[in-house]
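User: I would like to go through this structure step by step. Please answer my questions one at a time.

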Amino acid sequence: MEIKKVVVIGSGTMGSGIAAQLCNANIPVTLLDLKTEISQKAKDKIFSSRPPLLIDKTKIDNIKVGNISDNFDVVGSADWIVEAVVERIDIKHNIYEKIFKKRKQGAIVSSNTSSIPIKILSQNLSNEQKKDFCITHFFNPVRYMGLLEIVKSDNNDLNKINSLKVFCENLLGKGAIICNDTPGFLGNRVGVYAMQVAMTEAFKMKLSIEEADAVFGRPMGIPKTGVFGLYDLIGIDLMADVLKSFIKELPKNDEFQVVAKEIPLIKNLIESGYTGRKGKGGFYRMNKTDGKKILEAINLDTGEYSTSKKIDLKSERVDLKTLINRKDKYGEYAWSVISKIIKYASSLVPGITEKFNDIDEAMRLGFNWSMGPFEMLKEIGVKNFFEKIDNFENNKFLNDLSKSKNENFYGERQLYTDIETLGKIKPKAIKVDKNNSAETYRFKDFNIVEFTTKANTLDYDSMDSLKKATDKPLIIINESMQFSAGVNLTYTMNFADKGDFKSIEKFIKYFQETCKHLKYSKYPVVSAPSGLTLGGGFEVLVQSNFVASHTNIVVGLVETIVGLIPAGGGCKEMLWRWSQTDEAKIDPDFAPLQVFNIIGYAKTATSPVEAEPLKYLKPEDKKIMNRNSLFSISKKILEENKSFNVPNECKFNLSGKPLKEKMIKVLEKLYNERIILDHGMEVGKELANVLSGGNTTIDKTLTEDDLYKLELESFMRLIETKKTQERIKHTLATGKPLVN
Ligand code: NAI
């Protein structure tokens with residue numbers, strides 16, 4: 001069965017997201033709603049969404065719009081009809097009746113419901129119709145969330161379900177997990193339970209919301225929104241509805257019921273319009289005092305707000321064993337929450353799925369956890385877990401495990417997909433090196449480097465791993481969300497605060513040396529980015545020999561924002577790329593001026609399609625919808641380049657002073673318009689110095705090392721200024737740029 005045309009009914013949050021992802025896959029889709037104005041508005045919103053739902057805005061007309069009265073005929077030509085209307089069974093039933101009257105014989109019909117069981121959705125359908133009906137539960141935002149739960153019933157034609165899965169994997173890039181018809185399926189059943197446990201335990205143990213979010217966050221491999229931050233993000237009212245549905249659908253003795261009870265404080269919040277970020281605020285709120293925005297947090301006891309306090313657990317990395325063994329309230333809270341999640345998730349096996357593995361994957365893809373509950377159990381260790389746990393009656397999985405004590409109970413990972421993923425390969429590979437910032441694996445005849453720091457920021461150790469790993473062909477890839485957010489600014493500032501600029505210089509030199517080594521070592525190097533690929537992260541990518549990029553990347557050289565310039569070869573490589581254009585052959589200043597503009601404005605691209613015109617990516621770089629495929633495609637690149645030719649060194653002829661003057665003219669205009677201030681001018685001048693070639697003339701040929709040297713000198717002059725340091729500190733504290 002081939003899916004060539006799709007109709008999505010309901011153009012709200014989810015319908016729009018699904019239509020946009022189909023558009024990204026180049027599949028023509030019609031978006032229908034009650035009125036064409038509604039679906040047209042949805043299309044306009046897709047076009048201007050932030051973060052962008054579209055990979056390539058010029059493709060927007062893959063999406064047609066219409067209404068269900070005048071344009072319903074399109075259903076007749078669709079291979080797949082997705083229903084994404086409001087969560088009301090009467091409305092859904094009505095629509096199915098219309099769809100099944102019109103649909104092409106054999107076309108798939110699916111619902112995006114998050115809570116209505118398939119048996120209820122399909123109760124009015126004939127057995128023949130039920131064959132082609134399933135639930136396709138996407139997560140919001142559809143482009144960015146990896147999980148798609150395909151819920152099947154006993155009536156389904158399994159071949160068809162499988163071909164839908166393959167379509168959604170390959171073309172829509174989803175991690176598609178086929179599940180049974182149980183309330184909340186896999187992701188929400190465990191994910192919402194986990195949130196409720198994290199919340200109710202915080203109340204019980206009298207933790208502040210900041211404390212709970214600090215524990216139920218990065219230290220546990222969970223996104224930093226934690227639980228209360230996530231509640232605010234989803235909407236406190238929406239969460240209340242979700243809980244009501246779980247209470248209704250689940251048996252009375254399900255452990256979920258214990259943590260889903262209504263909490264008076266939450267009822268009050270909803271009633272007074274504190275529904276989260278979309279409302280007046282939620283557990284957190286922004287308050288303006290004396291014109292200044294201040295983040296406030298609620299006190300769970302009194303319901304009063306006060307200035308939010310940053311909690312420092314002094315542990316930046318995921319380390320469950322240390323966390324649960326801490327002799328303080330944080331350790332106690334962590335153990336209480338983690339053990340309950342493990343107990344609950346394991347009690348659902350084999351009821352909701354035979355493969356416990358799928359629950360972990362649903363938590364990774366649907367909630368962005370770095371480990372699911374069973375991986376947490378593996379990480380803690382079976383023996384340790386059973387020494388600490390109190391009771392686990394009626395839990396077959398834990399009972400069996402407590403007897404077998406099998407530390408290797410986990411087996412293979414990512415069973416839901418046939419793709420050879422990084423996650424599947426890592427347990428089979430040999431870990432040949434590990435430091436504080438990266439791990440190196442040897443698989444077959446090549447190496448894999450995975451960064452392991454927060455947002456994969458780079459430091460001396462990251463470079464050390466990369467450099468050592470070039471003794472074989474190399475793939476730089478990772479499972480966590482970001483490829484790399486750039487150089488670790490905290491690491492750099494720690495030296496700057498001590499006035500130890502020598503160490504910063506040593507690090508930047510090593511960074512350059514490593515990147516040069518990546519480019520010219522005798523073995524090919526492939527970078528496989530996904531997510532943030534900024535600053536130093538981009539410099540690693542741009543000096544790799546090949547790139548296999550996920551379609552969800554945010555890529556660019558953003559150093560000027562923090563008062564620096566790219567010094568790991570970013571200026572040099574961008575100059576080289578732009579100097580290969582036809583325009584550059586005629587005008588020697590063309591390339592430097594273009595790059596001055598791109599780096600000066602810290603331009604970023606939010607997809608490979610946007611990255612190409614900026615030359616952050618090349619046309620021949622691979623662009624891949626399914627993140628799971630990054631590894632196998634990178635591996636294929638290595639296989640195809642066994643007899644790899646080391647690239648030739650780049651040479652540069654730059655105009656020097658007259659070019660620099662042109663750039664300074666641009667800066668002066670911006671300065672006069674107050675778009676940049678004093679320090680912006682200084683940063684711009686340093687960038688101009690590098691890109692014009694410093695003290696050179698057009699007839700002199702500069703080498704890559706000359707350019708590295710210019711980058712380093714400018715970088716060092718800037719990092720030593722107070723104003724650059726102020727910018728860095730401000731960005732580290734607030735996540736926002738400082739204009740000074
Ligand atoms: P929404 O409220 O944003 O959009 C629903 C859309 O359906 C509206 O545009 C409405 O005008 C339209 N609609 C209502 N009756 C209709 C009819 N008879 N014919 C055509 N269109 C009609 O809802 P949202 O959030 O997009 O949810 C849609 C479905 O997806 C629901 O079943 C929901 O449970 C599910 N879901 C929602 C998620 C979320 O995060 N919002 C996540 C996963 C699933």
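Analyst: The questions below deal with the ligand, some helix pairs and a few backbone details of this predicted model.

User: How many residues surround the ligand, and which class is the most numerous?

Analyst: The shell around the ligand has 23 residues, and Met14, Asp33, Glu87, Lys92 and Ser114 are the closest. By class, three residues of the shell are charged, nine are polar and eleven are nonpolar. The answer is 23 residues, with eleven in the nonpolar class.

User: Which helix gives the most to the shell around the ligand?

Analyst: At least two residues of the shell come from each of helix H1 (13-24), helix H3 (89-102) and strand S6 (133-138). The largest contribution is three residues, and the helix that gives the most is H3.

User: What lies 2.7 Å from an oxygen atom of the ligand?

Analyst: Two backbone atoms can be set aside here. A backbone N or O atom of Met14 is 2.8 Å from a ligand oxygen, and a polar backbone atom of Val85 is 3.3 Å from a ligand oxygen. The value of 2.7 Å belongs to a polar side-chain atom of Asp33.

User: How much of the ligand does the protein bury?

Analyst: The ligand taken alone exposes 830 Å². Of that area, the part buried by the protein is 77%.

User: Are helices H15 and H16 roughly parallel or roughly perpendicular to each other?

Analyst: The axes of H15 (residues 356-367) and H16 (residues 373-380) come within 7 Å and cross at roughly 105°. Angles of 65 to 115 degrees count as roughly perpendicular. H15 and H16 are therefore roughly perpendicular.

User: Which residues of H16 make the contact with H15?

Analyst: On the H15 side, the contact is made by Phe356, Ile359, Asp360, Met363 and Arg364. By class, the contact of H15 with H16 holds five nonpolar and three charged residues, with no polar ones. The residues on the H16 side are Pro373, Phe374 and Glu375.

User: Are H24 and H31 oblique or roughly perpendicular to each other?

Analyst: Helix H24 (residues 570-579) packs against helix H31 (residues 704-719) at about 130°, and their axes are 8 Å apart. The contact joins Gly570, Cys571, Lys572, Glu573 and Leu575 of H24 to Glu704, Leu707, Tyr708 and Glu711 of H31. Angles of 65 to 115 degrees count as roughly perpendicular, and over 145 as roughly antiparallel. H24 and H31 are therefore oblique.

User: How many nonpolar residues are in the contact of H30 with H32?

Analyst: Helix H30 (residues 678-691) and helix H32 (residues 722-734) have axes 10 Å apart, at an angle of about 105°. Asp678, His679, Gly680 and Val683 of H30 meet Lys723, Thr724 and Arg727 of H32. Three residues of this contact are polar and three are charged, and the number of nonpolar residues is one.

User: Where is Pro141, and what kind of peptide bond joins Asn140 and Pro141?

Analyst: Most peptide bonds are trans. Pro141 is in the loop between S6 and strand S7 (147-151). With omega at about -5°, the bond joining Asn140 and Pro141 is cis.

User: Which residue is joined to Val349 by a cis peptide bond?

Analyst: The omega of this bond is about 5°. The residue joined to Val349 is in the loop between helix H14 (329-347) and H15. That residue is Pro350.

User: What is the phi of Lys405?

Analyst: Most residues other than glycine have a negative phi. Lys405, in the loop between helix H18 (396-404) and helix H19 (422-425), is not a glycine, yet its phi is positive, at about 50°.

Terms used:
Residues are numbered from 1 along each chain as its sequence is written. This is a predicted model: local features need pLDDT of at least 70, side-chain atom pairs count only at pLDDT 80 or more; totals for chains, interfaces and linings use all residues. Side-chain values use heavy atoms; hydrogens and water are left out. Axes are lines fitted to C-alpha atoms, for helices over the stretch in contact, and angles run from 0 to 180 degrees between N-to-C directions. Helices (H or I, at least four residues) and strands (E, at least two) are DSSP runs, numbered from the N terminus. Angles under 35 degrees count as roughly parallel, over 145 as roughly antiparallel, 65 to 115 as roughly perpendicular and the rest as oblique. Contact means heavy atoms within 4.5 Å. Ala, Val, Leu, Ile, Met, Phe, Trp, Tyr, Cys and Pro count as nonpolar, Asp, Glu, Lys and Arg as charged, and the others, Gly among them, as polar. A residue is near a molecule or strand if one of its heavy atoms lies within 4 Å of it. A polar contact is a pair of N or O atoms within 3.5 Å; within protein, one must be able to donate a hydrogen and the other to accept it, and residues adjacent in sequence count only if both atoms are side-chain atoms. Accessible areas come from the Shrake-Rupley method with a 1.4 Å probe; for residues, only the protein chains shown count as cover.
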